[in-house]
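Please open the structure in your viewer and keep the selection tool at hand. The tour below goes from one selection to the next and says what is there at each stop.

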Amino acid sequence: MLVGCSGDRSILDPAGQAAREVAWLWWGMLAFSTVVLVVITALWLYAFRGGRRVARSSRDEQRIARRWIIGGGLLLPGLSIVLLLAFGVPVGQRMLPLPLPDGQQVERIEVTGHQWWWEVRYPDAEGGEVVTSNQLMMPVGEPVDFHVTGADVIHAFWIPRLGGKIDMIPGRTNVIRLEADASGVFGAQCAEFCGAQHTNMQLHVEAMPRDDFNAWLAERQAPPEQSDDHQAARDTFVEHCASCHRVAGVSDGQQGPDLSDIGDRVSLGAGRLAMEEGAIAHWLRHHQQLKPGNRMPSHDHLDAETLDALGAWLETLSP
Ligand code: HEC
Ligand SMILES: [Cu+2]
């Protein structure tokens with residue numbers, strides 16, 4: 001149980017105001033329910049005590065029973081719920097995207113859940129929209145509005161150390177406002193069961209100072225550089241992969257993750273395997289074993305050299 005108290009995905013190790021309030025609420029609820037548990041257990045043991053029984057008339061018995069039903073069955077739960085709401089509602093309220101008093105603009109990041117990967121868009125980036133997948137960069141020390149939706153089924157957006165969570169519903173956009181106190185890497189996970197590979201739907205979240213964040217966005221304004229060495233792999237890609245994947249300057253597929261900066265990522269397959277030399281070729285050969293049922297068809301009809309060449313080219317794609 002103690003494993004849950006800290007680490008990458010622990011709500012008890014908050015790294016932002018919203019998460020801190022959620023954590024306090026959680027501790028408060030734990031304390032309150034512990035008191036209830038102790039009192040009920042004490043009463044229960046008391047009921048088993050030995051000794052003489054007091055003889056009472058049936059009217060008295062009824063009166064006592066009614067007292068317990070009204071007090072313990074109506075008043076106590078009623079009060080508890082009112083108390084919980086008094087603390088819980090304001091916590092939720094502060095995660096709403098309300099206008100800021102000083103009219104400050106809030107950074108907007110759009111996140112779409114797909115089976116089983118994350119599409120992340122920065123519509124307000126200077127110089128034009130930036131798109132990436134399975135990784136989310138955000139500025140630190142300022143509120144960020146996450147506009148979330150689902151592409152196929154219901155997913156949920158959850159960065160436990162920053163607060164949340166919120167459903168990603170097809171045909172609807174939900175907004176949650178979160179803020180990170182300090183730079184760092186946070187784990188995030190789809191939090192609504194969405195099919196076989198729900199577990200392997202993880203998101204790498206990185207909070208960084210505003211200047212670094214702007215630089216990160218600016219880097220992605222130009223398409224990745226291409227060298228002639230990889231012409232053959234690019235041709236294979238255009239033939240077999242371009243209908244699903246976008247690589248800026250090469251293709252515009254929308255069914256799978258944007259690969260324009262794939263060489264710059266920390267993981268593949270939404271956290272399924274770490275990015276290292278040869279990892280993309282490994283993914284291309286074995287992705288249906290690594291992540292069974294994922295929505296990318298296996299490419300067994302392409303020989304190993306072709307897949308390796310594709311992997312080697314994709315690894316060079318970095319802004
Ligand atoms: C029918 C659409 C489709 C085709 C065709 C397709 N892919 Fe994919 N690809 C996907 C989807 C969907 C995913 C996400 C799988 C997951 O993680 O659940 C994916 C994931 C990937 C990833 C990992 C991306 C990441 O962000 O971790 C790479 C790399 C990749 N594909 C390369 C290729 C290459 C190279 C080809 C051609 C040989 C190809 N794909 C053909 C749909 C497709
Ligand atoms: Cu899910």
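In which loop does proline 170 lie? Select proline 170 in this predicted model, and you will find that residue in the loop between strand E7 (163–168) and strand E8 (174–178). Proline 170 is partly exposed, its relative accessible area being 32%. Add valine 153 to the selection: proline 170 and valine 153 are 17 residues apart in sequence, while their C-alpha atoms are 6.4 Å apart in space.

**The copper ion**

Next, select ligand 2, the copper ion, whose protein donors are Cys190 (SG), Glu192 (O), Cys194 (SG) and His198 (ND1), at 2.0 to 2.6 Å from the ion. Along the chain, these donors follow the spacing C-x1-E-x1-C-x3-H. The angles subtended by the four donor atoms run from 90 to 126 degrees, and the arrangement is therefore tetrahedral. For comparison, the ideal angle for four tetrahedral donors is 109.5 degrees. If you colour the donors by accessibility, cysteine 194 counts as buried at 5% relative accessibility, whereas glutamate 192 is partly exposed, with a relative accessible area of 30%.

**The iron atom and its ligand**

Now move to ligand 1 and centre the view on its iron atom, for which His245 (NE2) and Met296 (SD) are the protein donors, lying 1.9 to 2.1 Å from the iron atom. Histidine 245 is in the loop between helix H4 (231–240) and strand E11 (246–247), and methionine 296 is in the loop between helix H5 (279–290) and helix H6 (304–315), so the pair ties together parts that are 51 residues apart in sequence. The site of the iron atom has six donor atoms and is octahedral, with angles of 85 to 178 degrees among them. Both protein donors can be checked for burial: histidine 245 is buried, with a relative accessible area of 11%, and methionine 296 is buried as well, with a value of 16%.

Widen the selection to the surroundings of ligand 1, where there are 26 residues, of which Cys241, Cys244, His245, Gly269 and Met296 come nearest. Looking at the oxygen atoms of ligand 1, you can find one that is 2.8 Å from a polar side-chain atom of arginine 265. A backbone N or O atom of glycine 269 lies 2.7 Å from an oxygen atom of ligand 1, and a polar backbone atom of tryptophan 116 is 3.5 Å from an oxygen atom of this ligand.

**Aromatic rings**

How many aromatic pairs does a search of the whole structure find? The search finds seven. One pair to select is phenylalanine 237 with tryptophan 313, which is edge-to-face, with 5.2 Å from centre to centre and 70 degrees between the planes. This pair links distant parts of the chain, as phenylalanine 237 belongs to helix H4 and tryptophan 313 to helix H6, 76 residues apart. Phenylalanine 237 is buried, with a relative accessible area of 1%, and tryptophan 313 is buried with 0%. Elsewhere, ring pairs link Trp118, Phe146 and Phe157 into a cluster.

**Charges over rings**

For the last stop, select tryptophan 158 together with lysine 165, whose charged end sits over the tryptophan ring at 4.8 Å from the ring centre. Then select tyrosine 46, where arginine 49 lies over the face of the ring, 4.5 Å from its centre.

Note on methods: Residues are numbered from 1 along each chain as its sequence is written. Chains are lettered from A and ligands numbered from 1 in the order in which they are written. This is a predicted model: local features need pLDDT of at least 70, side-chain atom pairs count only at pLDDT 80 or more; totals for chains, interfaces and linings use all residues. Side-chain values use heavy atoms; hydrogens and water are left out. Donors are N, O and S atoms within 2.8 Å of the metal (3.2 Å for Na, K and Ca); water is not among the atoms, so sites may look incomplete. Four donors count as tetrahedral if all angles lie between 85 and 135 degrees; four count as square planar and six as octahedral if opposite donors are over 155 degrees apart and all others between 65 and 115; anything else is irregular. Helices (H or I, at least four residues) and strands (E, at least two) are DSSP runs, numbered from the N terminus. Buried means under 20% relative accessible area, exposed over 50%, partly exposed in between (1.4 Å probe, protein chains only). Rings of Phe, Tyr and Trp (its six-membered ring) pair if their centres lie within 6.5 Å; planes under 30 degrees apart count as stacked, over 60 as edge-to-face and the rest as tilted. A charge sits over a ring if NZ of Lys or CZ of Arg is within 6 Å of the ring centre and within 35 degrees of the ring normal. A residue is near a molecule or strand if one of its heavy atoms lies within 4 Å of it. A polar contact is a pair of N or O atoms within 3.5 Å; within protein, one must be able to donate a hydrogen and the other to accept it, and residues adjacent in sequence count only if both atoms are side-chain atoms.
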